[in-house]
Amino acid sequence: MADPVSDAVIAPSILPVSSGDGARFDLLCVHPPGPVRRLLYWLPAMGVAARQYLPLARALAGHGVAVVLHEWRGIGSSDRRAGRHCNWGYHELLEYDLPPALAAVHTRWPRATCWLGGHSLGGQLAALYAALHPTTPAGLVLVASGAPYWRRFRHGWLIALAYGVAPWLAVAVGHLPGRRIGFGGNEACGVIADWARSGRTGRYAARGVAQDMERQMASLRLPVLALRLRDDWLGPQSSLDFLLGKLPQATTDTDVVTPRELGGVAADHFHWMKTPAPIARRIASWIAAHAVASGTANPRAP
């Protein structure tokens, strides 16, 4: 069955953004015709360009939810590339890039209620941003996400070893050569250091971020939808539970997506992106239900 308004979805438009430190990147925007009332701001997984989520964005727009795809620093349209003389971490991603991007979206669609979502690391950073800016999003959507704490994974000692090697390799090369080793993109040393720290310790902290992230997350009161892919070894239930455990005040809805629902496509960390319609339907339905139940007002700029 075709999505309700898929044939009328407007082609992606570009919204340019300048970060707090002068970095530049483009947002990809997909929305149905008419006024935009519900909007999902989407954060990609590590090393994944915004354009890879256009099928998801189109599917959501077919259900009346506008989608803005964020572009991570160092990826796709970003004018920065990680190297010995160009480095950043979670601090720059959370405090330099996301605030002006969300402000630009608010200026473009001031009457839209904005939800924040993400895939994998994008889901983690969505939760962190919401914790640091709790009045910005109406809620959180997490897909194939979870905390990277090594004790929450099968054969966790191997993952713990990777958390020790990855920062060392990134410093030695000048960036993590993700394209060559088959994990992520060419990632900045600071991002890998912050990611590996959370994987080793089970706690979120980042160079340059003064706030206590764990305390902020513990006090966050928002609705959260968390969709786990059944065969996702990178995002097992134990990892997701550990992340959601950091949000005890949130109202959480969780579900598991199976290969049957994806038309036989593997229900793992990345294959769902090829057939995102079932996930889009769940997200759109959940957003609609919460929007009606809460009578959400206009979003507030970050």
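Reader: Which residues form one aromatic cluster with W195?

Author: The model is predicted, so local features need pLDDT of at least 70 and side-chain atom pairs count only at pLDDT 80 or more, while totals for chains, interfaces and linings use all residues. Residues are numbered from 1 along each chain as its sequence is written, and side-chain values use heavy atoms, without hydrogens and water. Rings of Phe, Tyr and Trp (its six-membered ring) pair if their centres lie within 6.5 Å. By this rule, W195 shares one cluster with Y163 and F183.

Reader: Which residues lie closest to the centre of the largest pocket?

Author: A pocket is sought on a 1 Å grid over the protein atoms alone, as an open set of points where a 1.4 Å probe fits, with protein on both sides within 12 Å along at least five of seven lines. The largest one has a volume of about 660 Å³, the space filled by probe spheres set on the points, which are joined across faces, edges and corners. Its lining (residues with an atom within 4 Å of a point) holds 32 residues, and the closest to the centre are M46, F183, W195, W233 and L234.

Reader: Which element gives the largest share of the lining of the largest pocket?

Author: Helices (H or I, at least four residues) and strands (E, at least two) are DSSP runs, numbered from the N terminus. The elements that give two or more residues to this lining are α3 (121-132), α4 (156-173) and α5 (178-181). The largest share, five residues, comes from α4.

Reader: How far apart in sequence are the parts that R73 and D21 tie together?

Author: A salt bridge is a side-chain nitrogen of Lys or Arg within 4 Å of a carboxyl oxygen of Asp or Glu, and R73 forms one with D21, the closest N and O atoms being 2.8 Å apart. R73 lies in the loop between β4 (66-69) and α2 (90-108), and D21 in the loop between β1 (13-18) and β2 (24-30), so the pair joins parts that are 52 residues apart.

Reader: Is R73 buried or exposed?

Author: With a 1.4 Å probe and protein chains only, buried means under 20% relative accessible area, exposed over 50%, and partly exposed in between. D21, at 33%, is partly exposed. R73 has a relative accessible area of 5%, so this residue counts as buried.

Reader: Against which elements do the buried residues of α8 pack?

Author: In helix α8 (residues 237-245), S239, L240, F242, L243 and L244 are buried. Contact means heavy atoms within 4.5 Å. The elements packed against are β6 (140-143), α7 (213-218), β9 (223-229) and β10 (251-257).

Key
Rings of Phe, Tyr and Trp (its six-membered ring) pair if their centres lie within 6.5 Å; planes under 30 degrees apart count as stacked, over 60 as edge-to-face and the rest as tilted.
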